[in-house]
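This report describes a structure from its chain folds to its helix packing and the contact between its chains. The sequence and the coordinates are shown first.

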Amino acid sequence: MSAPLVPAAAAFASALRRDLLQAARRPGEWLQPLAFFVIVTVLFPLSLDPELARLRHLAPAALWVALLLATLLALDFLYREDARDGTLEQFALSGQPFAVMIFAKTATHWLLTGLPLALVGPLAAISLGAPPQNALAVLWPLLLGSVSMSLIGSICAGLTLGTRRGGALLSLLVLPLAMPALVFGARATQLAIAGESAAGALYLLGAITVLALTLAPLAAAAAVRISLE
Amino acid sequence: MSWAWFHRFGSPPYFYRVAGKLAPWFGWSALVLVLVSLYGGLVRAPVDYYQSDAFRIIYVHVPASWLALMTYTTMAVSAAIGLVWRIKVAHAVAVACAPAGVSFTVVSLVTGMIWGQPTWGTWWAWDPRIVSQLFLLFFFLGYIGLRSAIDDPDRADRASAVLAIVGVVNVPIVRFSVDWWNSLHQAPTVMRMDKPAMPWEMLWPLLLMALAYTLYFFWIMLVRARAEVLRRDRGGQWVREALARDAAGGSA
């Protein structure tokens with residue numbers, strides 16, 4: 001095998017560009033989780049109690065459960081297509097660090113699902129009774145939390161890549177791992193909606209996200225490599 | 001120091017033979033200790049001042065909770081050994097740990113509920129220890145689910161090993177986050193008994209029972225790991241010889 005001509009950063013950028021281009025040509029795929037997120041947050045008031053003061057208590061739970069489920073929904077096609085047409089194998093053979101290539105896929109996943117969901121988050125929070133002047137603060141916990149969930153999900157999606165019934169198993173693997181992020185994120189959202197300082201919970205959520213950023217790409221690369229063999 | 005003894009354990013026939021010799025010792029001593037500590041706990045230990053006889057479930061509940069965590073640690077460590085040094089026997093040990101872990105966590109949760117009803121007045125509380133134990137159960141179930149979803153045994157070994165290692169990083173974080181969450185959310189609705197240190201007559205059956213559970217764990221783990229090793233090498237030459245030897249030994 002020839003020595004790698006392109007440094008890892010360029011390989012990362014080209015993998016990212018390729019994935020974004022593909023996504024731009026198939027908007028249905030990444031709009032789905034967004035629609036799902038909106039529908040779940042709408043279903044909460046319909047199934048509970050439309051009084052805004054009472055909804056406000058449930059808003060953090062609704063936002064975070066919807067975020068978690070929408071991320072799970074999108075994880076199902078994180079690697080599947082690329083595993084089928086051999087792209088992942090080419091990544092593995094390219095001579096670039098495999099973790100970097102897998103991280104590019106995870107980054108795309110976050111850009112296409114986590115980021116839009118977090119951006120819609122403040123609007124959803126207002127619809128759930130959050131005071132508009134506090135709603136923007138909801139953005140930060142959702143941004144951090146969606147990053148760590150995409151990263152955790154990238155490990156689990158790699159592990160379930162070669163399995164027949166991926167969906168249910170994927171949620172069984174992701175949910176316990178995502179629990180700490182959910183706890184800190186929901187608490188930070190709750191404080192933000194109440195108009196208080198959410199710094200404490202946000203720092204802890206940030207710590208979890210940094211830990212996930214450090215370790216998850218390596219674990220995800222190991223998981224995908226095992227599934228490819 | 002030579003590592004030859006360690007590498008010998010990597011050989012399935014050697015492991016099968018040694019584990020077969022060791023397992024009955026663990027099993028019988030576990031049974032004896034369970035009987036002794038049950039006698040100590042149910043008959044000899046004095047009645048608790050606050051909880052009367054209800055406290056005696058401690059002899060089932062607490063060792064199960066301890067062992068659940070120990071089982072997870074054993075599973076993750078042996079899975080990591082299997083992943084790094086590609087030792088199949090280590091993977092077999094990890095596989096053997098998972099069902100034991102499920103039963104320990106379930107026993108711990110169920111006896112905790114039974115104990116909670118008379119003493120706390122509720123079957124379930126969102127107590128950090130309960131929630132951590134519940135998530136431990138989810139980890140074990142996820143591990144078993146992942147293994148059963150992958151057909152190729154070699155891939156199942158390594159994928160589940162990665163999951164077990166990721167879980168080890170996560171278990172302390174889960175514990176910490178639940179503690180933190182609980183300190184914010186839970187008003188002191190649950191009566192927590194503030195009792196003096198346990199008297200020795202109550203304590204020794206508990207420690208003995210923990211030892212008995214540990215021995216039981218080693219017994220069931222070795223029995224299951226032996227079966228797993230056999231299943232993996234079925235059709236192999238040494239399996240046929242070992243089974244023939246077992247049959248001869250059993251009739252003699």
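## Chain B

Read from its N terminus, chain B runs α-α-α-α-α-α-α-α. Its secondary structure amounts to eight helices and zero strands. The model is predicted. The C-alpha atoms of chain B fit a box of roughly 60 × 45 × 35 Å along the principal axes. Chain B has 252 residues, and 38% of them count as buried. Of the contacts in chain B between residues at least 6 apart in sequence, 80% link residues at least 24 apart.

## Nonpolar core

The largest nonpolar core contains 141 residues. Ile152(A), Ala223(A), Val162(B) and Met221(B) have the most contacts inside this core. Helix α9 of chain A, residues 166–194, gives the core its largest share, 16 residues. For Met221(B), the contacts beyond four places in sequence are Val93(B), Ala96(B), Cys97(B) and Ala100(B).

## Two helix pairs

Two helix crossings, one in each chain, are set out below.

| Helix pair | Axes come within | Crossing angle |
|---|---|---|
| α3(B) (residues 58–85) and α5(B) (residues 128–149) | 11 Å | roughly 40 degrees |
| α3(A) (residues 52–75) and α9(A) | 9 Å | roughly 145 degrees |

In chain B, the axes of α3(B) and α5(B) cross at roughly 40 degrees. Because of that angle, α3(B) is oblique to α5(B). The crossing of these two helices, α3(B) and α5(B), is left-handed. On the α3(B) side the residues are Ser65(B), Ala68(B) and Tyr72(B), and they meet Gln133(B), Leu136(B) and Phe139(B) of α5(B). By class, the contact of α3(B) with α5(B) has four nonpolar residues, two polar and no charged.

In chain A, α3(A) and α9(A) make a right-handed crossing. Residues of α3(A) in this contact include Arg56(A), Trp64(A), Leu68(A) and Leu72(A), and those of α9(A) include Val174(A), Ala178(A), Leu182(A) and Gly185(A). The contact of α3(A) with α9(A) comprises 14 nonpolar residues, four polar and one charged.

## A buried alanine in chain A

Ala15(A) lies in helix α1 of chain A, which covers residues 8–25. Is Ala15(A) buried or exposed? Ala15(A) counts as buried because 23 C-beta neighbours lie inside 10 Å, where the cut-off for a buried residue is 20 or more. Leaving out neighbours within four places in sequence, Ala15(A) is in contact with Met101(A) and Ala104(A). Ala15(A) and Ala104(A) are 89 residues apart in sequence, yet their C-alpha atoms are 6.2 Å apart in space.

## Contact between the chains

How many residues does the contact take from chain A and from chain B? Chain A gives 25 residues and chain B gives 22 residues. On the side of chain A that touches chain B, the elements giving two or more residues are α8 (139–159), α9 and α10 (199–228) of chain A. The largest share of that side, ten residues, belongs to α9(A). Sorted by class, the side of chain A that touches chain B holds 17 nonpolar, four polar and four charged residues.

Helix α9(A) thus recurs in this account. It supplies the largest share of the largest nonpolar core, it crosses α3(A), and it gives the largest share of the side of chain A that touches chain B.

Technical notes:
Residues are numbered from 1 along each chain as its sequence is written. Chains are lettered from A and ligands numbered from 1 in the order in which they are written. This is a predicted model: local features need pLDDT of at least 70, side-chain atom pairs count only at pLDDT 80 or more; totals for chains, interfaces and linings use all residues. Helices (H or I, at least four residues) and strands (E, at least two) are DSSP runs, numbered from the N terminus. A residue is buried if 20 or more other C-beta atoms lie within 10 Å of its own, exposed if 12 or fewer, and partly exposed in between; C-beta atoms are placed from the backbone. Two residues are in contact if their C-beta atoms, placed from the backbone, lie within 7 Å. A nonpolar core is a set of buried Ala, Val, Leu, Ile, Met, Phe, Trp, Tyr and Cys residues joined through C-beta atoms within 7 Å. Axes are lines fitted to C-alpha atoms, for helices over the stretch in contact, and angles run from 0 to 180 degrees between N-to-C directions. Angles under 35 degrees count as roughly parallel, over 145 as roughly antiparallel, 65 to 115 as roughly perpendicular and the rest as oblique. A crossing is left-handed if the near helix is turned anticlockwise from the far one by less than a right angle, and right-handed if clockwise. Ala, Val, Leu, Ile, Met, Phe, Trp, Tyr, Cys and Pro count as nonpolar, Asp, Glu, Lys and Arg as charged, and the others, Gly among them, as polar.
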